[in-house]
Amino acid sequence: MEVIEKLAEVRESFENDPHPPHGYSATGEAAADGKGQWSWALFEWARNPYVILITIYIFSPYFSNVVVGDPVKGQAIWGHINGIAGFFIAALGPVLGAIADTGGKRKPWIAFFVALMVPATFALWWALPGGQGLSILAIAALVVVVSVAFEFSAVFHNSMLPAVAPHDRIGFLSGLGLALGNAGALLILCFMLWAFMLPGMVDWSFIPPKALFGIDVSAFENSRIAGPICAVWMALFTLPLLFWTPDVKGEGVPVAMAVRRGLRTVVKTVLKLRQYRNVAAYLIARMFYNDGKTAVLVFGGVYAAGVFHWNALTLTIYGIVLSIFAVGGGIFGGWLDDRFGSKRAIMISIGGTALGVVLAVSITPTELFFFWPHDPATPPLWSLPFFRTLPELLYLTVVLLVAICITAAYANSRTMLARIAPVTKMSEFFGIYALSGTATAFIGPMLVGFATEFFQSQRAGFASVLVLLVIGLAGMFFVREERAEAID
C-alpha cells in the first residue's frame, strides 16, 4: 500500500512544483544510484521464475500426475495446498503491510523470507514419484512456506520502490522489475527445453543428444530439477539487492506499534467504503473475478497434464508459448480500454476468460466442444513429439485466448479504479485495491480442490472457476464508470 501512497505523493509534488529536484526520490531524499536501482529491479528476476516453473507449468503438473499418481486426486490436493497458502497470505498480509509501511529497514525482512524460500524450493528435488522421497504432506508444507514467503517478500520489496527510484523514474523502474521477472522465467523455460526436455526427443543438430548434467529423464529429474534451478537462481540474484540497493530508513517504529497503527489505518479506510458505494461495488466484483483468474492460471497446466497426459517437454513448450502470448494481452487490454472504456474492457476480458474456460473443459482426447467425438487412434497431425493431436492443438489455441484475456483484465482493473476513485484519495483506494487482491486469495484454489474432490472429475473442478468469473462479471453490471467525489 505504501507504494501507491508514494506514487500519489509524487503526483502531488509535480502539481506543486513542475520542476522537482532531479535525482531525488518520492521520499524527498536522494535516490539510489543506477546500480542500486537495477539491483532493486533484479529481485523480480530472482524470484518470479518460482511462479512460472513451480506453481504453474512444471512442478505442479508433475506433482499432481506423478507424485500423487492420480490426476483427479492430485488436482484436488494442489487446490487445497494453494488454498491454505492463500489463507495465510490473506490473514497475515495486512500485518506485514503495516510493518512495511511504518517499520524500519526492509532488507533484513527480504533476506529472511529468501532464506526460507531457497532451501524449501531446493528440497522439491526430493519430491520423488511413488512416495520414495518426501511425503505428500512434506511437499505440501514446503509449497505453503514458499508461497507465503514469496508474497511477503514482495510486500517489503515493493515498499522500497519510492525511496530507491528517482521521482521521474518510479514508473520506469517498477515496469523494469516486472519485465525482468517475466524475462527471467522465460529464459529458464527456454534453457530447460534445450537442456533437459528436447534431448533424445528430436534429431536436431543444435539440441544435445541427451539431457545435460546427467539428468535422468526416466526418473522425472527433468521436472524435479525445476526446484533447485529456482532456488539457486533466487539466491544468486537476490545478492545484488542486499549488497547494492540502499535500505529504507523508515520511522524506526517498534513492530508491535507499527502493526497496531497500520491495522487501524486499514480498518478506518475500509469503513469509509460505506460512503463510496460505487467503488465498493467494483472492488467486491473484482475480488471474485480476480480469484477466478488466478485459479485459471494455477490450474491450467495441472488440468491439461491430467486430461491430455502431457509430459514435461510439452508442458515446457506450453509455458513458453503462453508466456509470449500473455505479453500481447497487455497491449490488447490497453486497446480495449481506449476503445470501449474500462468497465466494458473488463467485461470483455472477463467474458473472454469465462468463454475460454468453457471451451477448454469441452475438449478432451475423445471429444471436441462437448458434442463431436474424436477417435484417439487418429494418426498424429505431425511427427513432432508435442501437440500431436487435434484436441491438443485446439486446447492450446483456447488457452492462448485465455492468457491474452487474463493479462488484459489485470491491466483494465487498475485503470478502472483510477477512473472512479476520488482524485484526492487515490492512494487510500489503491491501498484497499491491493488489500482486496489478497483478502480472498484462498477461495479460488479451495473451490477447485473441493469441486474436483466432490465430483471426482478434473473437468468439473477446473470448470468451478466459472462460478467466480460469472459472479465478478455480473457484479460489474452494477458498477458505474464515473468519478466519485471525495467525502471528508
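# Questions about a predicted model

Reader: Where is F213 found?
Author: Helices here are DSSP runs of H or I with at least four residues and strands are runs of E with at least two, numbered from the N terminus. F213 falls outside such runs, in the loop between α8 (170–197) and α9 (221–224).

Reader: Before we go on, what kind of model is this?
Author: Residue numbers start from 1 along each chain as its sequence is written, and side-chain values use heavy atoms, with hydrogens and water left out. Local features need pLDDT of at least 70, side-chain atom pairs count only at pLDDT 80 or more, and totals for chains, interfaces and linings use all residues, as this model is predicted.

Reader: Is F213 buried or exposed?
Author: Buried means under 20% relative accessible area, exposed means over 50%, and partly exposed is in between (1.4 Å probe, protein chains only). F213 has 68% relative accessibility, so it counts as exposed.

Reader: What is the area of the nonpolar surface patch made by F191, W194, W204, F206 and F213?
Author: Patch members have over 30% relative accessible area and no salt bridge; nonpolar side chains (Val, Leu, Ile, Met, Phe, Trp, Tyr) are joined within 5 Å, like charges within 9 Å. Areas come from the Shrake-Rupley method with a 1.4 Å probe, and for residues only the protein chains shown count as cover. F213 joins F191, W194, W204 and F206 in a patch of about 570 Å².

Reader: Let's head inside. Which helix gives the most residues to the largest nonpolar core?
Author: A nonpolar core is a set of buried Ala, Val, Leu, Ile, Met, Phe, Trp, Tyr and Cys residues joined through side-chain atoms within 4.5 Å. The largest one has 138 residues, and M192, Y282, Y318 and Y395 touch the most other members. With 16 residues, the top contributor to this core is helix α12 (residues 277–308).

Reader: Which residues does V118 contact, leaving aside its neighbours within four places in sequence?
Author: V118 sits in helix α6 (residues 107–122) and is buried, because its relative accessible area is 18%. Its C-alpha is 9.1 Å from that of W233, although the two are 115 residues apart along the chain. Contact means heavy atoms within 4.5 Å, and by that rule V118 meets A231, M234 and A235.

Reader: T238 has a polar side chain atom; which residue's backbone oxygen lies 2.6 Å from it?
Author: T238 belongs to helix α10 (residues 226–244) and is buried, given a relative accessible area of 1%. Beyond its neighbours within four places in sequence, T238 is in contact with F43, A46 and V114. The backbone oxygen 2.6 Å from a polar atom of its side chain belongs to M234.

Reader: How many salt bridges are there?
Author: The rule asks for a side-chain nitrogen of Lys or Arg within 4 Å of a carboxyl oxygen of Asp or Glu. E44 and R47 make one at 3.8 Å, N to O; both residues are buried, and they are about one helical turn apart because they sit 3 residues apart in helix α2 (residues 34–47). The count of salt bridges comes to 2.

Reader: What is the N to O distance between E367 and R459?
Author: R459 counts as partly exposed because its relative accessibility is 26%. The side chains of E367 and R459 meet in a salt bridge, with an N to O distance of 2.8 Å.

Reader: And how far apart in sequence are the parts that this pair ties together?
Author: E367 is in strand β1 (residues 367–368), while R459 is in helix α18 (residues 458–463). The pair therefore ties together parts whose separation in sequence is 92 residues.

Notes:
Polar contact = N/O pair within 3.5 Å; in protein donor to acceptor, adjacent residues only side chain to side chain.
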